[in-house]
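Student: Before I take the labels on this model at face value, I would like to go through a few of them and ask what each one rests on.
Tutor: Then let us look at it together and set each label against its rule.

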Amino acid sequence: YQRSHTRGSSHGQSRIIRKLYVDQHHAQLMDEAYQLWNELQTSSGIDFFKINGHIAVCKKSVGKIKKLVASCEKYGIEHKVLDGSHVNAEFPGLKFNDDFEAVYEQTGGVLNADKCLQAIQEELIKFGGELHENEKVLNIEPINASRVNVQTSTAEYDSASVVLCCGSWTNKLLKPLDLQLPLKACKVQVTYWKEKVPNIYSKFPSLIYYKVDAVSMYGLPCEAYPGYFKFCFHYHFVVDPDDEEDLEKHPSSEEAKMRMEEIKEVVKNHLPYLVPEPKVKEPCMLT
């Protein structure tokens, strides 16, 4: 593919970044991640990192917020705990009763994925790297402990080592080597919802609504579609990334229809200034 293609996991203009994680692995990674993104933004001169806060909301009976607060306290993350009525007062555009609770993290933000990639690619070139577009890797062959041969649609390369960053296509490249990783290529449906009141969500914090502990929906402002809010169900379908029919059939499946009805209900009940019908739908691959 060419640069800025839309068949992978890193296109588009919005990704949530936060320190608010329950699991220790991610919580401990985030300080360094913030530092490295800030360094890249400064070095590249490309503005892709915006701090606008992050809020997580869940019913009190689920107990998810207590786990997130415990993580904040353990790792020294600045935060504020709110009940439903205080959520509504602090963030007009949300509507929750006191059966819900929330935790707000001031350091949460949004990364512009397209600009992140642009910055990484330009830094690579600046330090002597080369980018080859529209050049399909056909075969990887280890020759010995210090030499790997890579064959593509246009050339052949020898190197001391190879790093694979091909997401959904990783196992297809590894199959001839009798190697398979526990990876699944998955398709996600990304949905955008029109504002009833102009700009009410344009400077909103990123949001995760936990339906239960392990099932969530997420939302964030999006520059790609002014007047719209990105709000998506965090679910996915396993697909073959090279099978166009496979990629197309899942949005019409019964499970997809059920998930769509669930997210419409959440928008209707808890995001009252959005039209409760998605106006834009886009696919995204993840691994």
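Student: Which residues line the largest cavity, and what makes them lining residues?
Tutor: Bearing in mind that this is a predicted model, the lining consists of Gln189, Thr191, Cys232, Phe233, Tyr235, Arg259, Met260 and Ile263. A residue counts as lining if it has an atom within 4 Å of a cavity point, so these residues earn the name by that cut-off. Strands S10 (186–194) and S13, together with helix H7, each supply at least two residues of the lining, and H7 gives the most, with three.

Student: Why is this space called a cavity, and how many of 30 Å³ or more are there?
Tutor: The word applies where a 1.4 Å probe fits but cannot get out, and by this rule the count comes to one cavity of 30 Å³ or more. About 50 Å³ of space lies in the largest cavity.

Student: What is the make-up of the lining of the largest cavity, in nonpolar, polar and charged residues?
Tutor: Its residues divide into five nonpolar, two polar and one charged. Arg counts as charged, so Arg259 is the charged residue of this lining.

Student: Why is strand S12 (residues 215–221) described as largely enclosed?
Tutor: Buried means under 20% relative accessible area, and six of the seven residues of S12 are buried, so the strand is largely enclosed by the rest of the structure.

Student: How do you know that S12 pairs with strands S11 and S13?
Tutor: Pairing requires at least two bridges. Five bridges join S11 to S12, which run antiparallel, and five bridges join S12 to S13, which also run antiparallel, so both cases satisfy the rule. Isoleucine 208 has tyrosine 218 in S12 as its bridge partner, while proline 221 stands opposite phenylalanine 229 in S13. The hairpin from S11 to S12 passes through two residues, whereas the one formed by S12 and S13 has six residues between the strands, with glycine 227 in the turn at a positive phi of about 90°.

Student: What makes the largest nonpolar core a core, and which residues have the most contacts inside it?
Tutor: Its members are buried residues of the listed nonpolar kinds, joined through side-chain atoms within 4.5 Å. The largest core has 31 residues, and those with the most contacts inside it are Ile55, Leu94, Phe231 and Leu271. The largest share, five residues, comes from H7.

Definitions and conventions: Residues numbered from 1 in each chain as written. Predicted model: local features only at pLDDT ≥ 70, side-chain atom pairs only at ≥ 80, totals over all residues. Heavy atoms only, no water. Buried < 20%, exposed > 50% of the residue type's maximum accessible area, 1.4 Å probe, protein only. Helix = DSSP H or I, 4+ residues; strand = E, 2+ residues; numbered from the N terminus. 1 Å grid on protein atoms, 1.4 Å probe; cavity = no way out; pocket = protein on both sides within 12 Å on 5 of 7 lines; lining within 4 Å. Points joined across faces, edges and corners; volume = space filled by probe spheres on them.
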